[in-house]
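Colleague: I should be grateful for a close look at the surroundings of the ligand in this model. Please explain the matter as you would to a first-year student.

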Amino acid sequence: MNWEQAWLKYEQDETGTYASFLSSITLKGHSEVLDTAVKELQLAAAAMYGIIPHVNESEKIPHEGIHLVVGDNDMAIGTEGYKIESYGGLITVYGESDVGVLYGVFGVLRLMRSGGIPDGYQGVEIPDNPLRMLNHWDNMDGSIERGYSGESFFFKSGEVIVSERIMDYTRLNASIGINGVVINNVNVAGAAIDLITEKYREPLKTYSDIFRAHGIKLYLSLDYAAPMDIGGLDTCDPLDEQVITWWQRTLDALYSELPDMGGFLIKADSEGRPGPFSYGRTHAEGANMLGKIVAPYGGIILWRCFVYNCTQDWRDTTQDRASASYDHFIPLDGAFDDNVILQIKNGPMDFQVREPVSPLLGAMKATNQVLEFQAAQEYTGQQRHVCYLVPMWKEVLDFRTHCASENDRVRDVVAGRTYAMKHSGIAAVANTGNDSNWTGHDLAAANYYGFGRLIWKTSLTSEEIAEEWVCQTFNREAVDVICNMLMKSWPAYEKYTSPLGIGWMVNPGHHYGPNVDGYEYDMFGTYHRADHLAMGVDRTEAGTGYIDQYFPKNKRMYSSTVTCPESLLLFFHRIPYSYQLSTGKTLIQHIYDAHYEGVETVSEMLEQWTALEGTVEALPYMRVKKRLEHQLDHAGLWRDVVNSYFYRKTLIEDEKGRKLY
Ligand code: GCV
C-alpha cells in the first residue's frame, strides 16, 4: 500500500462503478492547471480500474465519461468554485477558471471514494474562505519547530530539497483546497534569512512552478532584521531610507524571478524576534513598509498578532498575557495598508486544549484578518496522542462575536462577510514531516485533511469530515469505529490534562507531558494560581480586566460564574475547590473524576482499534496500536500527576476512594 499518498491513494474498486466515467476525459483548451486535473483523473483511473482514459480535445458535449468545462456556465461560482453534474453516463465539472475545474476534479474523486455520485447528482461548491493557508515551521537544517512527524521535506542541511514528495504534498494540498503555503518557520534564523536572496532562487522557482500548476501560491517567512543580518546595515528601522531601499531591491529581484510569490509572513516583536518596536515604530509602520513594496506585484504581508511580554512579573496581577494581542493591535485598526493582513491565533494564549476565542477576532472593523489554527499538536499530544481537532476548530468558527450584528460568528468575520476586507481567511501551522505517513500518527492526518475541508466549507460537520477521510484513507468497514474514536479524542484529551480552560500544566520547553507547576514560576504569564483553597485566574473587572475586550454580550456571559461556560470557568475565574458545578460535583471532585474518565476513554479507544485488526492494513494498524498503548500509559501519568497535585494541595479526599498518590 502506498501510504505516501495518504487520502489520495486510489484503491482498486472491484465494483467497477465509475470505470466507464473514468475511461474518457473531454476538454477544450489547455493550461498547466487543466493538465494537472487530467493527470489526477488518469492516476485515479489507472489505480482504481487499471485503465488509461482517452483524452479528447473537443468543443462538443460528449455523451459519456468526464467533461471538464472552463468558463462556460452562467453560475456565479467565483474563480475557485465548481459545479458537478452527473446525468446518464456523463459527469460534467464546470469552473469559471481552470483552478475551479481542478478543485471540481478532486471533488468528483472524493465523492466517488466516499459518498458516491448518483445519477442526477448536482452540486455546487464555493470556498468559504478566500485565503486557505498552511504555515510550516520548518528550519533549513531539516528540523521542524513543534514538528512531530520527522524532519522537513522542504529543507535539509541548509539546502532546499526538490523531491517527488513536494509533488505528492502539493497534490494533497490541492485536493483539500489549500491555496497558499509558507514553507519556512516564522522564527527565521541562519540560512533561512537568505531564502529571499539569489542563493535559493532555482529550487524556489521549482516549488513555485509545482504549486502554481495546483492553484497554490508560495510564501516565505521573513526575518525583520534581514537588512542588518544579511544586508550590512546597522538598522532595520522601517522608516529608514536605506532600509526601505534594501527591501525594495531585494524583493524586486525576488519578484522578477518568482512573479507568482504570494507574499510574506512575519513574526515581529514577539518572543525575542526583531521588529519595529526597537525603533519606536508601530506594527502598522513596520508592516506597511513591506506592504508597499510587494503591492505592485499583487503580494500580501501576513503580520502575526502573537505579541506579548514574555518577561512578566507574577506579582503584577494587572498584567495578563491573554490581553496582549488586543492591547497591541486594536489601537491600530484602520492603520494597515490594503494588502497587509493581521494573523490572529484562535485563542488569546497559545493553542491550549481549551481557550476562549481571541477577542481580537471581529473587534477590528477596518483591518484584514486571518485566523491561525495549529494542526501540529504542540499542546494536544504531539501526534503521539489521538486528538482530532476539527471539533475544536468548529467551536471557534461558530463562536458568536456579537461584533457587527447579533449573529456574527468568527466564521463570518474571517470569511470577510462581516466587514469589507480585501483579504481574509484561515491558516494552520502544519503537522506534516517526512515520516512515510506524513503526520507520524496515522490518525493525525485527519487534522491535516480536516483543516482543508473545514475551511473550504465551514458548515461541514466534524463527523462528515472524519467519515470522508476514513473512507479515502482506510475503508468503509472501518468508518464507524475510527470516526467514533476521533470524535471522542479531543474531549478525552481535555479531561485527562488541564481542567476547565486553565491550560498549560505541561513540561516547559518541549511541552509534552504533565508538569502542573511547569510554567507557574516563570515569566511567561501562563498561571493557574492554585493554592490550597482555590485555583484559576480572575479575568473579570475585579481581576485582570481581560473580559473588557469582548463585546458586551460576551463580556456579560464571561463575567459571572453562573453564565460563564463551565469548560472555561478557570480561565475566567478563581474558584474554590468546594464550588459546586452544574453536575452537582465540587470542583475538586470534577478534577478527580474527569481525569479518570479521560483515561477510561483512551482505554476504550485502544480496545476499539484492536478490534480493527485485519480490517485496516497491517502497517498502519500496528503503528496506531503502538501509539495508543503509549497514549494510555501517558494519559495515566497525566491523571496521576494532576490528581495527586490537587489532592496534596487541598487534602480533600476523592469521594470514590480511588488511589491518589
Ligand atoms: C514558532 C509558541 C510555540 C513556539 C512558536 C510560537 C509562535 O510559543 O511554542 O514554538 O514559535 O508559539 O507561534 O510564534
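Modeller: The following account begins with the ligand and then turns to the cavities and the annotated domains. Please bear in mind throughout that this is a predicted model.

Around the ligand there is a shell of 15 residues, and those that come nearest are Glu145, Lys267, Arg304, Lys345 and Glu378. Sorted by class, the shell comprises eight charged, four nonpolar and three polar residues.

Individual contacts give a closer picture. Lys267, already named among the nearest residues, has an N or O atom in its side chain at 2.7 Å from an oxygen atom of the ligand. For Asp350, the distance from a side-chain N or O atom to an oxygen atom of the ligand is 3.1 Å. Asn187 also takes part, with a polar side-chain atom 3.2 Å from an oxygen atom of the ligand. As for how far the ligand is enclosed, on its own it has 340 Å² of accessible area, and the protein covers 97% of this.

The cavities of the protein may be considered next. A search of the whole structure yields 10 cavities with a volume of 30 Å³ or more. The largest cavity has a volume of about 110 Å³. Its lining is made up of 15 residues, and Cys305, Phe306, Ser325, Gly347 and Pro348 are those nearest its centre. Two elements, helix H8 (324-329) and strand S14 (340-345), each give two or more residues to this lining. By class, the lining of the largest cavity contains 10 nonpolar residues, three polar residues and two charged residues. The shell around the ligand, by comparison, holds eight charged and four nonpolar residues.

Finally, the UniProt record offers a wider setting. An unreviewed entry there gives residues 123-438 as "domain: Glycosyl hydrolase family 67 catalytic". Within the model, the chain over residues 123-438 is 24% helix and 15% strand, and its end C-alpha atoms lie 31 Å apart. The annotation "domain: Glycosyl hydrolase family 67 C-terminal", also from an unreviewed UniProt entry, covers residues 439-658. Over residues 439-658, helix accounts for 50% of the chain and strand for 2%, while the end C-alpha atoms are 37 Å apart.

How values were computed
Residues are numbered from 1 along each chain as its sequence is written. This is a predicted model: local features need pLDDT of at least 70, side-chain atom pairs count only at pLDDT 80 or more; totals for chains, interfaces and linings use all residues. Side-chain values use heavy atoms; hydrogens and water are left out. On a 1 Å grid over the protein atoms alone, a cavity is a set of points where a 1.4 Å probe fits but cannot get out, and a pocket is an open set with protein on both sides within 12 Å along at least five of seven lines; lining residues have an atom within 4 Å of a point. Grid points are joined across faces, edges and corners, and a volume is the space filled by probe spheres set on the points. Helices (H or I, at least four residues) and strands (E, at least two) are DSSP runs, numbered from the N terminus. Ala, Val, Leu, Ile, Met, Phe, Trp, Tyr, Cys and Pro count as nonpolar, Asp, Glu, Lys and Arg as charged, and the others, Gly among them, as polar. A residue is near a molecule or strand if one of its heavy atoms lies within 4 Å of it. A polar contact is a pair of N or O atoms within 3.5 Å; within protein, one must be able to donate a hydrogen and the other to accept it, and residues adjacent in sequence count only if both atoms are side-chain atoms. Accessible areas come from the Shrake-Rupley method with a 1.4 Å probe; for residues, only the protein chains shown count as cover. UniProt positions are given in the numbering used here, feature names are shortened, and annotations may be inferred rather than shown by experiment.
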